[in-house]
Amino acid sequence: AKAAGRDALRFFDPQVQAQMTARVALEADMRSGLEAGEFELFYQPKMVHGRITGAEALLRWKHPVKGYIPPSEFIPLAEQSGLILRMGQWVLRTACERLALWSSHPVLGQLSVAVNVSPRQFHEAGFVPEVLEALAGTGADARRLRLELTEGLLLQDVEDTVAKMVQLRGYGVGFSLDDFGTGYSSLAYLKRLPLHELKIDQSFVRDVLTDPNDAAIARTIVALGTSLGLQVVAEGVETEAQRVFLERSGCHAWQGYLLSRPLPGLAFEDLVLEHAAS
Ligand code: C2E
Ligand code: CA
Ligand code: CA
Ligand code: CA
């Protein structure tokens, strides 16, 4: 058995080795990239009743050699290595800077910005002070900041979660439950948490017109959220037909390529102003 174990190890080793080397290299790149200003926030508009009411901030890494690397390729690694703490801090700060920049503008000043928060970042001891510092340091209005949390994050430590949410809620920060329906859902916590918004995961929106199960799930989430007094936002709306279906199901808030992909800050501002004028 011992020999077999050694053989298995020998067989597996180069692969694991190569993977680890690649990850270590990517992590080092990520660390220096953060210092070098290679990360950017893009903004995707959120539509409510036909008006742009805010944006979701989405992280982009413009690697000097590899070009844009999507968050799915570096956020898991940033989580594992702990770099997500500094990265998350940068995201909060940058989103708040944008909010503060908009605050005196008649149109842009009405917008809210939603920031995705990773589980590790949220459950870290200093999370609440970090958010308050980003707000105070930039002069952004807490009531225009929204934090997007995932189901898994909420269930990790419910007491800690509720305490932090209540505290931030006290300053006016709002909360969205992201990717709703994909995690280990427990309906029990929905009533305990000071949420504003449920986001229907795009996996249910994609086939909402062709898959009766997805349609049923989407409708159920809309009904559930609405009856709990929450705003329900559909993610990943790509076609007018999907939008109409959702609207008929009572969902009047959505994001998706139908209106716009996530855009650099300036392009997002142009879109908002153009939209407001039309
Ligand atoms: P998410 O929070 O669920 O974000 C929505 C994702 O769907 C984004 O991908 C967005 O670009 C994409 N999307 C928006 N509209 C459409 C559409 O109509 N069709 C399709 N197919 N996709 C659409 P993105 O930007 O690649 O981000 C992926 C995930 O990475 C996010 O999922 C979020 O979990 C994470 N992420 C992004 N930025 C941050 C960040 O600043 N901090 C943390 N912790 N996570 C982030
Ligand atoms: Ca999100
Ligand atoms: Ca989502
Ligand atoms: Ca997602």
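In this predicted model, ligand 1 is surrounded by 21 residues, of which the closest are Q44, R60, Q202, E238 and Y257. By class, this shell comprises 9 nonpolar, 6 polar and 6 charged residues. Ligand 1 sits in the largest pocket. Three elements, β2 (51–63), α2 (71–81) and β6, each supply at least two residues of the shell. The greatest contribution comes from β2, which gives 4 residues.

Several side chains approach ligand 1 through N or O atoms. A nitrogen atom of the ligand is 2.9 Å from an N or O atom in the side chain of Q44. An oxygen atom of ligand 1 is 3.0 Å from such an atom in the side chain of N116, and an oxygen atom of the ligand is 3.2 Å from an N or O atom in the side chain of D179. On its own, ligand 1 has 800 Å² of accessible area, and the protein covers 80% of this.

N116 and D179 lead from ligand 1 to the calcium ions, since each of these residues also serves as a metal donor. The description may begin with the calcium ion (ligand 2). Its protein donors are E56 (OE), N116 (OD1), E148 (OE) and D178 (OD), at 2.2 to 2.3 Å from the ion. Along the chain these donors follow the spacing E-x59-N-x31-E-x29-D. E148 belongs to strand β5 (residues 145–150) and D178 to strand β6, so this pair ties together parts that lie 30 residues apart in sequence.

Which residue bridges the calcium ion (ligand 2) and the calcium ion (ligand 3)? The bridge is D178, and the two ions lie 3.8 Å apart. The calcium ion (ligand 3) is coordinated by D178 (OD), D179 (OD) and two entries for E235 (OE), at 2.1 to 2.6 Å. In sequence, the donor residues of this ion are spaced D-D-x55-E. Because D179 lies in strand β6 while E235 lies in the loop between β8 (231–234) and α11 (240–248), the pair ties together parts that are 56 residues apart in sequence.

The calcium ion (ligand 4) remains to be described. What coordinates this ion? D179 (OD) is listed twice as its donor, at 2.9 to 3.2 Å. D179 also coordinates the calcium ion (ligand 3), and these two ions are 3.6 Å apart. The residue itself lies in strand β6, which spans residues 174–180.

Strand β6 thus recurs throughout this description. It supplies at least two residues of the shell around ligand 1. D178, in strand β6, coordinates both the calcium ion (ligand 2) and the calcium ion (ligand 3). D179, in the strand as well, coordinates both the calcium ion (ligand 3) and the calcium ion (ligand 4), and its side chain has an N or O atom 3.2 Å from an oxygen atom of ligand 1.

Definitions and conventions. Residues numbered from 1 in each chain as written. Chains lettered and ligands numbered in written order. Predicted model: local features only at pLDDT ≥ 70, side-chain atom pairs only at ≥ 80, totals over all residues. Heavy atoms only, no water. Donors = N, O, S within 2.8 Å, 3.2 Å for Na, K, Ca; no water. Near = heavy atom within 4 Å. Polar contact = N/O pair within 3.5 Å; in protein donor to acceptor, adjacent residues only side chain to side chain. Areas by Shrake-Rupley, 256 points an atom, 1.4 Å probe, with all protein chains shown as cover. 1 Å grid on protein atoms, 1.4 Å probe; cavity = no way out; pocket = protein on both sides within 12 Å on 5 of 7 lines; lining within 4 Å. Sits in = over half its atoms within 2 Å of the grid points. Nonpolar A, V, L, I, M, F, W, Y, C, P; charged D, E, K, R; others polar.
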